[in-house]
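Reader: I've just opened this one and would like a hand finding my way around. Could you walk me through it?

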Amino acid sequence: MAITSKRETILEYIRKTTLPKINGSGNYNLELATISRNFMIPSQLKSHDLPAVFIVDDFATPFTSTTANEYTTGNSLDAINDGMMVTLIAYVKVEQDIGFTKEGILSTEMNKIYSDMMIAMHVDRSLNGNCLALSVLSSVNSLEFFEEDIGTVLQTYAIKYDLIQQEQHRQHEYCSTPK
């Protein structure tokens with residue numbers, strides 16, 4: 001039987017459970033049309049695909065040995081601001097020609113998705129018991145695609161979790177080089 005790594009479990013929990021909470025009801029401003037781990041740029045998306053959030057995890061993950069058979073993500077046992085890095089990249093679009101208005105319509109939409117992602121990621125900071133800590137490290141709002149009336153919001157999180165080698169047949173998962 002194939003083994004699902006803790007890393008994969010965490011990423012799929014974010015995709016299938018955490019981000020779908022952004023549904024336009026309760027504390028959430030917007031309803032996501034797209035949630036994916038396959039990154040796309042705005043020109044690859046149609047209007048009906050937005051707002052969209054992409055989960056990007058192609059960063060180095062440092063590990064610290066806690067015992068001969070146990071590891072924790074990050075450069076130390078106690079640091080909660082390093083671990084498996086995950087960036088959420090969101091795109092929002094306004095359907096009207098915003099031109100150079102003073103209202104900041106696109107900025108307002110970007111702030112809505114910023115807030116929605118922050119709330120969703122902090123509702124269950126253990127990600128269903130799969131991690132020890134979740135820390136937001138940075139957030140950036142970008143008007144790089146302003147001409148297309150699209151705003152981008154990036155949030156980077158550190159997700160700290162432990163790996164414990166419990167069975168001999170699982171050794172390959174924990175002794176291989178981390179992504």
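Reader: Which helix and strands do the buried residues of H2 pack against?

Author: Bear in mind that this is a predicted model. H2 covers residues 105–123 and packs on the sheet. Its buried residues include Leu106, Met110, Ile113 and Met117. The buried residues of H2 pack against H1, E2, E5, E6 and E7.

Reader: What angle does the direction of H2 make with that of E7?

Author: H2 touches E7, along with E2, E5 and E6. The direction of H2 makes an angle with that of E7 of about 20°.

Reader: How far apart are the end C-alpha atoms of H2, and what span should its 19 residues have?

Author: Count 1.5 Å a residue, and the 19 residues of H2 should span 27 Å. The expected span uses one less than the number of residues. The model agrees, because the end C-alpha atoms of H2 are 27 Å apart.

Reader: Okay, on to the sheet. In what order do the five strands come?

Author: The sheet is open, and its pairing is mixed. At the edges sit E1 (34–36) and E6 (133–142), each pairing on one side only. From one strand to the next, the twist averages 15°. Reading across, the order is E1-E2-E5-E7-E6.

Reader: Which residue in E7 stands opposite Leu134?

Author: E7 runs over residues 150–160 and pairs with E6 in the antiparallel sense, over nine bridges. Opposite Leu134, the residue in E7 is Ile159.

Reader: And H1, which strands does it lie across?

Author: H1 is made of residues 6–18, and it runs at about 20° to E5. The strands it lies across are E1, E2, E5 and E7.

Reader: What kind of aromatic pair do Phe39 and Phe54 form?

Author: The whole structure holds two aromatic pairs. For Phe39 and Phe54, the rings are 6.0 Å apart centre to centre, with 75° between the planes. Planes over 60 degrees apart earn a particular label, so this pair is edge-to-face.

Reader: How many residues apart in sequence are the parts this pair ties together?

Author: Phe39 is in the loop between E1 and E2, while Phe54 is in strand E2. So the pair ties together parts whose separation in sequence is 15 residues.

Reader: Is Phe54 buried or exposed?

Author: Take Phe39 as a comparison: its relative accessibility is 42%, so it counts as partly exposed. Phe54 has 0% relative accessibility. The cut-off is under 20%, so Phe54 counts as buried.

Reader: Which residues form one aromatic cluster?

Author: Phe39 and Phe54 form an aromatic pair, and Tyr91 belongs to the cluster too. The cluster is Phe39, Phe54 and Tyr91.

Definitions and conventions: Residues numbered from 1 in each chain as written. Predicted model: local features only at pLDDT ≥ 70, side-chain atom pairs only at ≥ 80, totals over all residues. Heavy atoms only, no water. Pairing = 2+ DSSP bridges. Helix = DSSP H or I, 4+ residues; strand = E, 2+ residues; numbered from the N terminus. Axes fitted to C-alpha atoms, helices over the stretch in contact; angles between N-to-C directions. Contact = heavy atoms within 4.5 Å. Buried < 20%, exposed > 50% of the residue type's maximum accessible area, 1.4 Å probe, protein only. Phe/Tyr/Trp six-rings, centres within 6.5 Å; stacked < 30°, edge-to-face > 60°.
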